[in-house]
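Here are my notes from going through this model, in the order I'd look at it on screen. Have it open while you read.

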Amino acid sequence: MGDRRLRWFPLVFEPVYQERIWGGRRLWDGLGRKVPFERTAESWEISAHPHGMTRVLSGPFRGKTLPELIAMDRVGLLGELMDERFPLLVKVIGAETDLSVQVHPDDAVAASIGERGKTEVWYVLRSEPGARIIYGLEPEVTREMLAEAVRHGIICSCLREVPVREGDFIPLPAGCLHALGGGIMVAEIQQSSDTTYRLYDWDRLDAQGCPRPLHIQEGLSSVKPELPLETPFTNGFNNGDILFDDAHFTVEGLCINERRTEGAGPVCRLWTVVGGRGVLEGVEACELRAGSSLLLPAAMEPAAFLGDLRILQTTPKPDRL
């Protein structure tokens with residue numbers, strides 16, 4: 001199953017929008033998006049996760065999901081070494097207000113609930129003056145100290161706040177306690193997982209007047225206070241810069257000035273446009289702008305990209321699938 005060879009071209013998917021209590025429309029307007037919900041929070045751009053399965057937008061594969069495409073030609077789409085599970089998920093996230101203080105489990109912890117872990121990276125697309133994120137714990141804070149602070153309702157005393165601006169690139173390994181602050185829009189690339197453990201939600205209430213559930217025990221078990229998070233953020237990048245590299249995926253910065261032709265590779269690649277404007281030429285011509293994402297199949301026929309574009313190229317690691 002999934003080994004019949006097909007002709008492959010770059011794939012663009014219909015986004016799946018998600019509504020959350022911390023979402024809104026304002027940041028999306030700035031990106032030129034017409035979003036469906038008053039509290040639109042996330043756009044899942046490339047996803048095989050059942051909580052938000054994207055479908056091909058146009059062309060001969062229009063309407064197909066990633067699992068359906070994999071069943072048709074696994075090797076042509078993903079590459080010889082990849083199994084049948086699509087490993088990554090690409091989003092755009094627009095935070096009108098602060099997200100919860102949260103943590104994602106690593107592979108070992110997530111395996112107990114039948115999920116992948118969730119390491120992710122952010123690239124800041126838009127940022128209002130004074131915007132900040134929560135990025136790990138203050139120095140010397142231990143798991144025991146964090147648990148005590150949670151019990152006494154003073155978790156904020158343990159949190160490390162960091163200012164951000166457009167162009168910052170932020171790695172978030174599984175186990176890092178974090179929160180995206182209000183007034184920030186990011187492109188997010190992550191393992192294909194939707195497991196989040198909330199430790200604090202700013203005492204807010206949902207539409208029914210109830211607090212959202214917290215996951216104190218699971219969250220404290222997943223936090224890794226010892227994570228080294230001193231890596232400086234990258235305000236901009238040069239062509240070929242390796243921005244992130246771990247056991248799950250690599251993120252490289254690409255800069256297109258006028259024209260670039262791409263063809264087949266050993267595995268699939270994901271392109272996320274973070275700046276500039278351009279077009280994909282050929283059979284499936286489309287406009288590219290900040291927030292656009294494409295999947296470049298492993299057996300892709302040569303395709304030309306024109307314009308002035310800044311792109312995150314993400315390559316999954318086959319040995320982790």
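The points below cover a sheet, a strand with several partners, a pocket and one arginine.

1. One thing to keep in mind before anything else: this is a predicted model. Everything below is computed from that prediction.

2. Start with the six-stranded sheet. It is an open one, its strands run in the order 2-3-5-12-7-10, and the pairing is antiparallel. Strand 2 (16–19) and strand 10 (169–172) sit at the edges, each pairing on one side only. Going from one strand to the next, the twist averages 25°.

3. Now zoom in on the strand 2 end of that sheet. Strand 2 runs antiparallel to strand 3 (residues 40–46), and four bridges join the two. If you want the register, Val16 stands opposite Trp44 of strand 3, and Tyr17 has Ser43 as its bridge partner in strand 3.

4. Strand 3 also pairs with strand 5 (residues 88–95), again in the antiparallel sense and over four bridges. A handy marker here is Glu42, which stands opposite Ile93 in strand 5. How many residues of strand 3 are buried? Seven of its seven, which leaves strand 3 mostly covered.

5. Next, have a look at strand 16 (residues 269–280). Nine of its 12 residues are buried, so strand 16 is largely enclosed by the rest of the structure. The cut-off behind that count is under 20% relative accessible area.

6. Which strands pair with strand 16? Strand 19 (residues 303–316) is one of them, running antiparallel to strand 16 and joined to it by 10 bridges. On that side, Gly278 stands opposite Gly307 of strand 19. Strand 17 (residues 286–289) pairs with strand 16 in the antiparallel sense over four bridges, with Arg277 and Arg289 of strand 17 as bridge partners. Strand 18 (residues 293–296) is likewise antiparallel to strand 16 and joined to it by four bridges; there, Thr272 stands opposite Ser293.

7. Strands 17 and 18 turn up again at the largest pocket. About 500 Å³ of space lies in that pocket. Its lining takes in 27 residues, and those closest to the centre are Val12, Phe13, Leu57, Cys286 and Glu287. Strand 1 (13–14), strand 17 and strand 18 each supply at least two lining residues. Which strand gives the largest share of the lining? That is strand 17, with four residues.

8. Last stop: Arg212, which has its place in the loop between strand 13 (197–200) and helix 5 (216–222). Is Arg212 buried or exposed? Its relative accessibility is 14%, and because the cut-off for buried is under 20%, Arg212 counts as buried.

9. What is Arg212 in contact with, once its neighbours within four places in sequence are left aside? The list is Ile21, Trp22, Ser100, Arg198, Asp201 and Arg204. Asp201 deserves a click of its own: its side chain and that of Arg212 are joined by a polar contact of 3.0 Å. Two other arginines, Arg198 and Arg204, are also among the contacts of Arg212.

Conventions
Residues are numbered from 1 along each chain as its sequence is written. This is a predicted model: local features need pLDDT of at least 70, side-chain atom pairs count only at pLDDT 80 or more; totals for chains, interfaces and linings use all residues. Side-chain values use heavy atoms; hydrogens and water are left out. Buried means under 20% relative accessible area, exposed over 50%, partly exposed in between (1.4 Å probe, protein chains only). A polar contact is a pair of N or O atoms within 3.5 Å; within protein, one must be able to donate a hydrogen and the other to accept it, and residues adjacent in sequence count only if both atoms are side-chain atoms. Contact means heavy atoms within 4.5 Å. Two strands pair if DSSP finds at least two bridges between them. Axes are lines fitted to C-alpha atoms, for helices over the stretch in contact, and angles run from 0 to 180 degrees between N-to-C directions. On a 1 Å grid over the protein atoms alone, a cavity is a set of points where a 1.4 Å probe fits but cannot get out, and a pocket is an open set with protein on both sides within 12 Å along at least five of seven lines; lining residues have an atom within 4 Å of a point. Grid points are joined across faces, edges and corners, and a volume is the space filled by probe spheres set on the points.
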